Amino acid sequence: MNTILTVNHLSKNFGYLKAVKDLSFTIEKGNVYGILGPNGSGKSTTLGIVLNVVNKTSGDFHWFDGTTSTHDALKKVGAIIERPNFYPYMTAVQNLKLVSIIKEVSTDKIEEKLELVGLLERKNSKFRTYSLGMKQRLAIASALLNDPEILILDEPTNGLDPQGIHQIREIIKKIASQGTTILLASHLLDEVEKVCSHVVILRKGEKLYSGRVDGMLTSYGFFELKAENQQKLISVLKLNPNISEIKEEKGLVTAFLSAELDAHSLNASLFNNGVVLSHLVKRKESLEEQFLALTKNQSN
């Protein structure tokens, strides 16, 4: 797999404030990465450093195989790290033609990129007539004009209404499905869970986790169970070595797993011990539950 970006022990201090502390991670081609953390966790600073708009204090990073200069590497990067800024009295096409001249890329792809972000029908409308969501989608089209290897987005759905948020997320998935690597910063767990394959979790500039979203914790999930004789159900569950914790609330028994266990095996084991289930559902912990578990032991 090709490496797009490598970050090694990166730190950034603003006076006494340590915005990024000894951060290391890699971005591999073809994935969607989320840098997740609350406001002030160092997400935007990290993106600023790798895009050469913020100077690092220590550590290093390199693009692609490490032999390309950052200046040349950034020609293969598309990025939106601030609010879209286009000329209000120019149309979408006119604005993108201007961007093409500045980026020194062909204007041939303008309509293709406008279609990708769902703005082809409004290509001759002036920018000032666009909604906030449309402005953001035009910015994405603009960032894609050079067919970048990686698209970097800082809080891409900030300030948008639910429909605008949904449209941006669908566009991100579509771009990713065409093979473009994506790195997005977000403070929204929901966003990362719905859009990203990998996540880097930051808290006060420090990395708490880096890896696949679905492997964030070695969580085996849990079962939700009901039986006519709840007490017998609980006593039999306690004998199962794969179950670490059992809770009962409002007539529902929840059994948390410490090892892999499928529903069929559990059902057969309970039946053999005289417990007939009326309800059996296996669930995985949500990213939010895993995130809270991951951060609860961290110092404030």
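Colleague: What makes β5-β6-β7-β3-β8-β9 the order of an open sheet with mixed pairing, and which strands stand at its edges?

Modeller: In this predicted model, the open sheet of 6 strands has the order β5-β6-β7-β3-β8-β9, and its pairing is mixed. β5 and β9 (206–212) each have a single partner strand, so they stand at the edges, with one side of each left without a neighbour in the sheet. Neighbouring strands here are turned by 10 degrees against each other on average, direction ignored. Strands and helices are DSSP runs (E over at least two residues; H or I over at least four), numbered from the N terminus.

Colleague: How do you know that β3 and β8 pair?

Modeller: Two strands pair if DSSP finds at least two bridges between them; strand β3 (residues 32–36) and strand β8 (residues 198–203) are joined by 4 bridges and run parallel, so by that definition they are a pair. Within them, I35 stands opposite V200 in β8.

Colleague: Which strands does α6 lie across, and what is its angle to β7?

Modeller: Helix α6 lies across β3, β6 and β7 (181–186), running at about 150 degrees to β7, while α5 lies across β5 and β6 (150–154) at about 160 degrees to β5. Contact here means heavy atoms within 4.5 Å, and the angles, which run from 0 to 180 degrees, are taken between N-to-C directions of lines fitted to C-alpha atoms, for helices over the stretch in contact.

Colleague: Why are β11 and β13 called edge strands?

Modeller: They belong to an open sheet of 4 strands in the order β11-β12-β10-β13, with antiparallel pairing. β11 (243–249) and β13 (277–283) each have a single partner strand, so one side of each is left without a neighbour in the sheet. The average turn between neighbouring strands of this sheet is 20 degrees, direction ignored. Strand β10 (residues 222–227) pairs with β13 in the antiparallel sense over 6 bridges, and F222 stands opposite R283 in β13. Helix α9 (residues 263–272) packs on this sheet, touching β10, β11 and β13, and its direction makes about 150 degrees with that of β13.

Colleague: What makes β1 and β2 a hairpin, and how many residues lie between them?

Modeller: Strand β1 (residues 3–14) pairs with strand β2 (residues 17–28) in the antiparallel sense over 8 bridges, with T3 opposite E28 in β2. The hairpin has 2 residues between its strands, and G15 in the turn has a positive phi of about 65 degrees. β1 is also joined by 5 bridges to strand β4 (residues 58–63), running antiparallel, and V7 stands opposite F61 in β4.

Colleague: Why is R169 said to form a salt bridge with D190?

Modeller: A salt bridge needs a side-chain nitrogen of Lys or Arg within 4 Å of a carboxyl oxygen of Asp or Glu. For R169 and D190 the closest N and O atoms are 2.9 Å apart, and the pair is a salt bridge. R169 lies in helix α6 (residues 162–177) and D190 in helix α7 (residues 189–195), so the pair ties together parts that are 21 residues apart in sequence. By this rule the count comes to 15 salt bridges.

Colleague: Which residues lie nearest the centre of the largest pocket?

Modeller: Of its 26 lining residues, A79, V99, I102, K103 and S142 lie nearest the centre. The elements giving two or more residues to the lining are β5 (77–80), α3 (92–103) and α5 (132–143), and α3 provides the largest share, 5 residues.

Colleague: What numbering and confidence limits apply?

Modeller: Residues are numbered from 1 along each chain as its sequence is written, and side-chain values use heavy atoms, with hydrogens and water left out. Local features need pLDDT of at least 70 and side-chain atom pairs count only at pLDDT 80 or more, whereas totals for chains, interfaces and linings use all residues.

Key: On a 1 Å grid over the protein atoms alone, a cavity is a set of points where a 1.4 Å probe fits but cannot get out, and a pocket is an open set with protein on both sides within 12 Å along at least five of seven lines; lining residues have an atom within 4 Å of a point.
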